[in-house]
Amino acid sequence: MPSPEKKSVVPVAPARADRPFRGIALILASTVFLGTSDVTSKYLSATLPSIEIAWIRFLVFAVVMVPAMVPGSPLFALHTSRLGLQAMRGAALLGSSLLFISGLRFLPIAEASATSFVSPLFVTALSIFFLRESVGLRRWAATAVGLIGVLIILRPGSGAFNPAAAFPLVSAFCWAMTLIMTRMLSGRERVITTMTYSAISGFLILSALVPSVWVTPTWHDILFGILIGVTSTAGQWIVVLAFRYANASVLAPFSYTQLLWVSSLGFIVFSEVPDVWTVTGAAFVVASGLYTAHRERVRRSQLLAIAAEPSPNA
């Protein structure tokens with residue numbers, strides 16, 4: 001009798017656990033890594049082009065994900081039924097990273113970071129078109145408050161306005177697109193698959209661009225570039241772990257502590273002190289994000305309550 005063929009086992013994501021305090025601790029830890037990556041990127045932007053800094057960052061990211069690219073490896077994760085969406089998500093993530101690094105060359109880090117935190121506002125608008133979500137008046141009001149905060153930070157039309165502020169704004173839009181596509185992939189693709197394709201997409205695109213701006217880095221530049229890659233990859237991975245233990249609406253408020261880290265490190269490394277406009281505008285942006293997270297939590301609770309009601313036809 002021929003031996004039965006072994007069925008291929010498709011790995012599944014670990015089950016989600018409801019441990020909000022562990023998720024909060026992880027998201028707080030991630031802000032330290034991501035803040036360090038941002039400050040190091042600004043430091044390195046004085047000697048290397050933004051494209052080259054991003055290329056080193058994605059090179060390290062790709063090296064970390066190599067075990068997931070090797071056929072036969074227990075971590076192999078290139079099986080996907082949504083290759084196009086994975087590639088577009090990787091391109092959006094690259095755009096967010098590259099544009100933010102470009103803005104750091106010209107802007108104080110606290111101002112760039114505060115501006116980039118408007119991404120939840122873009123997510124609110126984009127979710128209508130891509131996720132077919134309904135957005136109520138309260139969430140639109142929160143979005144308007146966040147936009148007022150951005151205007152306070154940027155002060156368009158005044159002598160203090162810096163056109164380079166467009167970089168973190170467009171970066172925030174790209175990050176919002178990344179989050180939207182992450183939601184579209186959620187439950188259909190493993191996290192490690194999504195991260196692997198993000199690393200591959202970003203590295204390949206940047207490898208085609210970097211020769212046109214190449215500046216031979218010193219060993220000092222290389223070491224700091226590796227630090228950027230390691231801290232940003234670690235920060236992203238910790239965020240992924242955090243979402244296994246708590247909902248986005250629970251974790252979102254704590255992600256704003258990254259503003260404290262980048263402001264503190266910006267003062268220590270660059271002697272940058274956020275002005276009153278940046279602090280005031282950041283307060284508006286954070287308040288908007290907190291209220292949006294609150295409304296998301298309320299909406300989720302209402303949906304769960306509706307789902308729990310017995311059917312009248314049961």
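This is a short walk through one helix, two empty spaces and one loop residue of the structure above. Please keep in mind that the model is predicted.

Let us begin with helix α8, which covers residues 191-209. α8 has 19 residues, and from its first C-alpha to its last it reaches 27 Å, close to the 27 Å expected at 1.5 Å a residue. Many of its residues can be looked up as buried ones: Ile 192, Thr 193, Thr 194, Met 195, Thr 196, Tyr 197, Ser 198, Ala 199, Ser 201, Gly 202 and Leu 206. What covers them? The cover over the buried residues of α8 includes α2, α3 (83-104), α7 (166-185) and α9.

Now pick out one residue of this helix, Thr 194. Is Thr 194 buried or exposed? Its relative accessible area is 9%, and because that lies under 20%, Thr 194 counts as buried. Leaving aside residues up to four places away in sequence, Thr 194 touches Gln 86, Arg 89, Leu 185 and Glu 189. With Gln 86 there is also a polar contact, 3.4 Å between the two side chains.

From here we can turn to the empty spaces. Rolling a probe the size of a water molecule over the atoms shows where empty space is left. The structure holds one cavity of 30 Å³ or more, and the largest cavity has about 40 Å³ of space. Two elements, α2 (50-64) and α9 (219-242), give two or more residues to its lining. To find the largest cavity, look for Arg 57, Phe 58, Phe 61, Ser 97, Ser 232, Thr 233 and Gln 236, which line it. These lining residues divide into two nonpolar, four polar and one charged.

The second largest pocket has a volume of about 200 Å³. Twelve residues line this pocket, and those nearest its centre are Leu 259, Leu 260, Ser 263, Val 279 and Ala 282. At least two lining residues come from each of α4 (109-116), α11 and α12, with α11 giving the largest share, four residues. The lining of the second largest pocket divides into nine nonpolar residues, three polar and no charged.

Our last stop is Ser 271, in the loop between α11 (257-270) and α12 (276-308). Ser 271 is not a glycine, yet it has a positive phi of about 60°. Is Ser 271 buried or exposed? With a relative accessible area of 58%, Ser 271 is exposed, because that value is over 50%.

How values were computed: Residues are numbered from 1 along each chain as its sequence is written. This is a predicted model: local features need pLDDT of at least 70, side-chain atom pairs count only at pLDDT 80 or more; totals for chains, interfaces and linings use all residues. Side-chain values use heavy atoms; hydrogens and water are left out. Buried means under 20% relative accessible area, exposed over 50%, partly exposed in between (1.4 Å probe, protein chains only). A polar contact is a pair of N or O atoms within 3.5 Å; within protein, one must be able to donate a hydrogen and the other to accept it, and residues adjacent in sequence count only if both atoms are side-chain atoms. Contact means heavy atoms within 4.5 Å. On a 1 Å grid over the protein atoms alone, a cavity is a set of points where a 1.4 Å probe fits but cannot get out, and a pocket is an open set with protein on both sides within 12 Å along at least five of seven lines; lining residues have an atom within 4 Å of a point. Grid points are joined across faces, edges and corners, and a volume is the space filled by probe spheres set on the points. Ala, Val, Leu, Ile, Met, Phe, Trp, Tyr, Cys and Pro count as nonpolar, Asp, Glu, Lys and Arg as charged, and the others, Gly among them, as polar. The expected span of a helix is 1.5 Å times one less than its number of residues.
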